Amino acid sequence: MSTQTISPEQDSELVASVAAEQLGIKAVTLRKYSTMVEKQLNDENRFRPADNSHRLYTAADLKTFQAAIELAEQGTTLATALGRAFGAKVPTSKQPAATT
């Protein structure tokens, strides 16, 4: 995947198609990633302003998605990469509970 420079204005919010283009991915892929982040953070409105049902993305969001994409390209699972980038509590491994 090619890395593109992300440089929207700091205060601007971009719709999924424009944000995805800047990330070098398809809009449907960005929407899927967004859904994963919203579920991990337990925040269905993470990318949705109160007055709009469409997702909007800030420059900070794009940088965070780019960091997650880079982690995933290095072999981290997508769910873990998104969780780490967005600060969600993601279990690192599933180990059986200790019995006493």
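Right after helix α4 comes Gly-87, and its phi is positive, near 80°. Helices here are DSSP runs of H or I with at least four residues, strands are runs of E with at least two, and both are numbered from the N terminus. Helix α3 has a glycine after it as well: Gly-75 follows, with a positive phi near 115°.

A quick word on what you're looking at: this is a predicted model, where local features need pLDDT of at least 70, side-chain atom pairs count only at pLDDT 80 or more, and totals for chains, interfaces and linings use all residues. Residues are numbered from 1 along each chain as its sequence is written, and side-chain values use heavy atoms, with hydrogens and water left out.

**Two helices and what covers them**

Let's start with α4, which runs over residues 78-86. Its buried residues are Thr-80, Ala-81, Leu-82, Gly-83 and Phe-86. "Buried" means under 20% relative accessible area, "exposed" means over 50%, and "partly exposed" is in between (1.4 Å probe, protein chains only). The cover over those α4 residues includes α2 (27-41) and α3 (59-73).

Now for α3. This helix has 15 residues and spans 21 Å from its first C-alpha to its last, close to the 21 Å expected at 1.5 Å a residue. That expected span is 1.5 Å times one less than the number of residues. Buried in α3 are Ala-59, Asp-61, Leu-62, Thr-64, Phe-65, Gln-66, Ala-68 and Ile-69. Their cover includes β1 (14-15), α1 (16-23), α2, β2 (56-57) and α4.

So how do α3 and α4 sit against each other? They pack at an angle of about 140°, with their axes 8 Å apart. Axes are lines fitted to C-alpha atoms, for helices over the stretch in contact, and the angles run from 0 to 180 degrees between N-to-C directions. On the α3 side, the contact is made by Asp-61, Thr-64, Phe-65, Ala-68, Leu-71 and Ala-72, and on the α4 side by Leu-78, Ala-81, Leu-82, Arg-84, Ala-85 and Phe-86. Contact means heavy atoms within 4.5 Å.

**Rings that meet**

Phe-65 and Phe-86, both in that contact, turn up again among the aromatic rings. Rings of Phe, Tyr and Trp (its six-membered ring) pair if their centres lie within 6.5 Å; planes under 30 degrees apart count as stacked, over 60 as edge-to-face, and the rest as tilted. By this rule there are five aromatic pairs. One of them joins Tyr-57 and Phe-65: the ring centres are 6.0 Å apart and the planes are at 70°, so this pair is edge-to-face. Both partners are buried, Tyr-57 at 0% relative accessibility and Phe-65 at 0% as well. Phe-65 also meets Phe-86, with centres 4.9 Å apart and planes at 65°, so that pair is edge-to-face too. Because Phe-65 lies in α3 and Phe-86 in α4, the pair ties together parts that are 21 residues apart in sequence. Phe-86 is buried, with a relative accessible area of 13%. Together, Phe-47, Tyr-57, Phe-65 and Phe-86 form one aromatic cluster.

**Charged pairs**

How many salt bridges does the structure hold? There are two, a salt bridge being a side-chain nitrogen of Lys or Arg within 4 Å of a carboxyl oxygen of Asp or Glu. Here they are:

| Salt bridge | Distance, N to O |
|---|---|
| Arg-55 and Glu-38 | 2.8 Å |
| Asp-61 and Arg-46 | 3.0 Å |

Asp-61 and Arg-46 link distant parts of the chain, with Asp-61 in helix α3 and Arg-46 in the loop between α2 and β2, 15 residues apart. Asp-61 is buried at 6% relative accessible area, while Arg-46 counts as partly exposed at 30%. In the other bridge, Arg-55 is buried with a relative accessible area of 14%, and Glu-38 is buried at 7%.

**A leucine in β2**

Last stop: Leu-56, which lies in strand β2. Is Leu-56 buried or exposed? At 15% relative accessibility, Leu-56 counts as buried. The C-alpha atoms of Leu-56 and Leu-14 are separated by 5.2 Å, though the two residues are 42 apart along the chain. Leaving aside neighbours within four places in sequence, Leu-56 is in contact with Glu-13, Leu-14, Val-15, Phe-47, Pro-49 and Asp-61. Two of those names have come up already: Phe-47 belongs to the aromatic cluster, and Asp-61 forms a salt bridge with Arg-46.
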